[in-house]
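User: I want to learn how the labels for a protein model are earned. Please set each value against its rule.

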Amino acid sequence: MLSCENLTVRAGADGPVILDGANARFLPRGLNAVIGPSGCGKTTLMKAILGILPSTGVASLAGQPITCTEDLIGKVGFAPQFTAAQAQLTVAESLEYALRLAVPDASERARRLESVLGVTGMAPHRDKRVSALSGGQLRRLSLGLELTLDPACMVCDEVTSGLDPQSEDQILALLRDLAESHHKSFVCIIHNLGKLNQFDWVTVVYQGDVVFQGSPDELLAYFGIPDGLRLYEVLNASDLATWRDRWAIHQAEHPEAYATAVAKVGAPAEVEPLPEPVVPGGVSQFNTLLARRLKLFLRDTGYLGLTLAITFGFPLLVIIFNLEGSWDVLKIPMDRNMASMEEVKQALNVQVANAQLAGLAAGLVMFQVILLTLMGANNGGREISAERVLYEKERMTGLRPWAYAFSKIVFVSLIGVAQGVWMCFFVKLICNFPGPWAEQLAILAGSCVSMSVVCLGFSAMLTSPEKSSLLSIYLVGFQLPLSGVVLALPPALTWLCRPFINAYWGWSGYMKSMMGLPLYDAYTASMPNQSAYVASTPEGLAVLLIQGLFGICLVVFGCQQKRWS
């Protein structure tokens, strides 16, 4: 079924070799164990065969070369060490969404759902949330998620690791039943050498190379040990070159070993190419992903509570500075031609009062925009990086990257629009900001959406949610000082920084929407530089759109890349 020839993997372009010219082949319709000391390259070998890790050499499935993970869609499943399922979904929902992403026919999805629940023994737990499952149940769910596409072969990374002996035996018994009744092939990376007798074929990896393949009985005879528990003691007694030479001699003396093992498990000698699967279209996958994300949003009480708290709490921080909602801009009571000193003094007092009022208005507008950029960082900063393993897993079942990318873009944009509209509505209603509703709603919503999508782009480009979240917060931190509104930037830096500063365009677009009104006139009169540029609302929206499009490009590009952690 699966095989590789001269497979080599380096840790980076110029890094050390961690898999060195490995050759291996695995049994169809049987249980294959991959064993070896910690750090020897077991997981690296299997990920290189599956195309998850870049490598040189040849990997094949049913005689066909594997050029990338997309070649394995519907043919090979990969169950990682930790279950890639959302904790807030139930068992049935997790499987249903996996099926909707991978199987286009509704009746076939329903049949497979019940079949997978049955064969994995998870039917009694179908309505239990993933967060409430035991370790053994999580392993069963992980297998069930891979069985949704009914693959001929499954690679399981430490499928029994951390389980108690009874649960371990139950998982292996399940794999045996699937191998015999459904003609599946399983390749399992395991640590418990006491369970080798439950496998049909054992692959030993040592220091980045395969140094033995054979049945459990052949392994004991080859290494001269009474049981598998003594293997590593013997293996570590000699260097890699010794084991390579011995393995080459053994293969030359026993060329029929693999064919004999294939016949023993009842598999045909000639493996036919596997049929190509049919997966749902990108629009269907987009709708499924968006529906799933909205459900998760409503169920994740922690994240939902934080989002609601900042959405409704941040506007309260703004209105406390002007609860009366009064913007009484005074007229200068002065005859320009014949003014007394008292009139001049009174006029200066009015100008100072108007300047203070205009400064308060400008500050509150900027406060709104900065808070919205902080909301945007919260919306997108961890959205993709926090579930990157799940996304990479679902790509192996046929998920289209663009469907995933745009489902995330739409999700954070919906939240951003809601937050921007509420901020504008609540503050404008209480503080009674003058100016047109439509323009001010649009500019504040655009500011939040733009920042949300840019931070989503950071999340797509990085695999660590901590790093992407921190980068998003740093970006928010730069907004106020580099906007040039509160502190004037040096002329050489003004237009160098300004195109990248979300807050400036949101602030200027809002302020310019009040042009022609006394409050805006008072602000311009108080500006040290009367010719200073303040962007109009359409200009602000245009730049925010460009920034958002840049964020979309980051999201799409980041989702196209394979970023296994």
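User: Why does Asp150 count as partly exposed?

Analyst: Its relative accessibility is 44%. Buried means under 20% relative accessible area, exposed means over 50%, and partly exposed lies in between (1.4 Å probe, protein chains only). So 44% makes Asp150 partly exposed. Keep the source in mind: this is a predicted model, where local features need pLDDT of at least 70 and side-chain atom pairs pLDDT 80 or more, while totals for chains, interfaces and linings use all residues. Residues are numbered from 1 along each chain as its sequence is written, and side-chain values use heavy atoms, without hydrogens and water.

User: What makes Asp150 and Lys184 a salt bridge?

Analyst: Their side chains meet at 2.4 Å, N to O. The rule asks for a side-chain nitrogen of Lys or Arg within 4 Å of a carboxyl oxygen of Asp or Glu. The pair passes, so it is a salt bridge. It links distant parts of the chain, 34 residues apart: Asp150 is in the loop between H4 and strand S7 (153–157), and Lys184 is in the loop between H5 and strand S8 (185–189). Helices (H or I, at least four residues) and strands (E, at least two) are DSSP runs, numbered from the N terminus. Lys184 has 5% relative accessibility, so it counts as buried.

User: How many salt bridges does this rule give?

Analyst: The count comes to 21. One of them joins Arg244 and Asp20 at 3.1 Å, N to O. Arg244 lies in helix H8 (residues 240–253) and Asp20 in strand S2, so this pair ties together parts that are 224 residues apart in sequence. Arg244, at 29%, is partly exposed. Asp20, at 35%, is partly exposed too.

User: What makes Glu387 and Lys408 a salt bridge?

Analyst: Nitrogen and oxygen are 2.9 Å apart, so the pair meets the rule. The two are 21 residues apart: Glu387 sits in the loop between helix H12 (341–380) and helix H13 (388–395), Lys408 in helix H14 (residues 401–431). Glu387 has 17% relative accessibility and counts as buried. Lys408 is buried as well, at 3%. Elsewhere, salt bridges link Glu70, Arg388, Glu392, Arg395 and Lys562 in a network.

User: How do you know that Arg140 has no salt bridge?

Analyst: Look for the nearest side chain of opposite charge (Lys and Arg count as positive, Asp and Glu as negative; His and the chain ends are not counted). For Arg140, that is Asp177, 9.1 Å away. The limit is 4 Å, so Arg140 has no salt bridge. Arg140 is buried all the same. This residue lies in helix H4 (residues 135–147). Beyond four places in sequence, Arg140 touches Thr120, Gly121, Met122, Gln170, Ile171 and Leu174 (contact means heavy atoms within 4.5 Å).

User: How do you know that Cys188 is in no disulfide?

Analyst: The structure holds zero disulfides (a disulfide is a pair of cysteine sulfur atoms within 2.5 Å). For Cys188, the nearest cysteine sulfur belongs to Cys156, 4.4 Å away. That misses the cut-off, so Cys188 is in no disulfide. Its relative accessible area is 0%, so Cys188 is buried. Cys431 fails the rule too: its nearest cysteine sulfur, that of Cys424, is 11 Å away. Cys431 is also buried, at 0%.

User: Why are the buried residues of H9 said to be on the same side?

Analyst: Helix H9 (residues 257–264) has Ala257, Tyr258, Ala261 and Val262 buried. They cover an arc of only 135° around the axis, which puts them on the same side of H9. The arc is that of the directions from the helix axis to the C-beta atoms. The face turned away carries the exposed residues Ala259, Ala263 and Lys264. Strand S2 (17–25) and strand S9 (201–206) are among what covers the buried residues.

User: Which residues touch the most other members of the largest nonpolar core?

Analyst: They are Ile35, Phe186, Val204, Leu219 and Phe223, in a core of 54 residues. Helix H5 (residues 165–181) gives the most to this core, with six residues. A nonpolar core is a set of buried Ala, Val, Leu, Ile, Met, Phe, Trp, Tyr and Cys residues joined through side-chain atoms within 4.5 Å.
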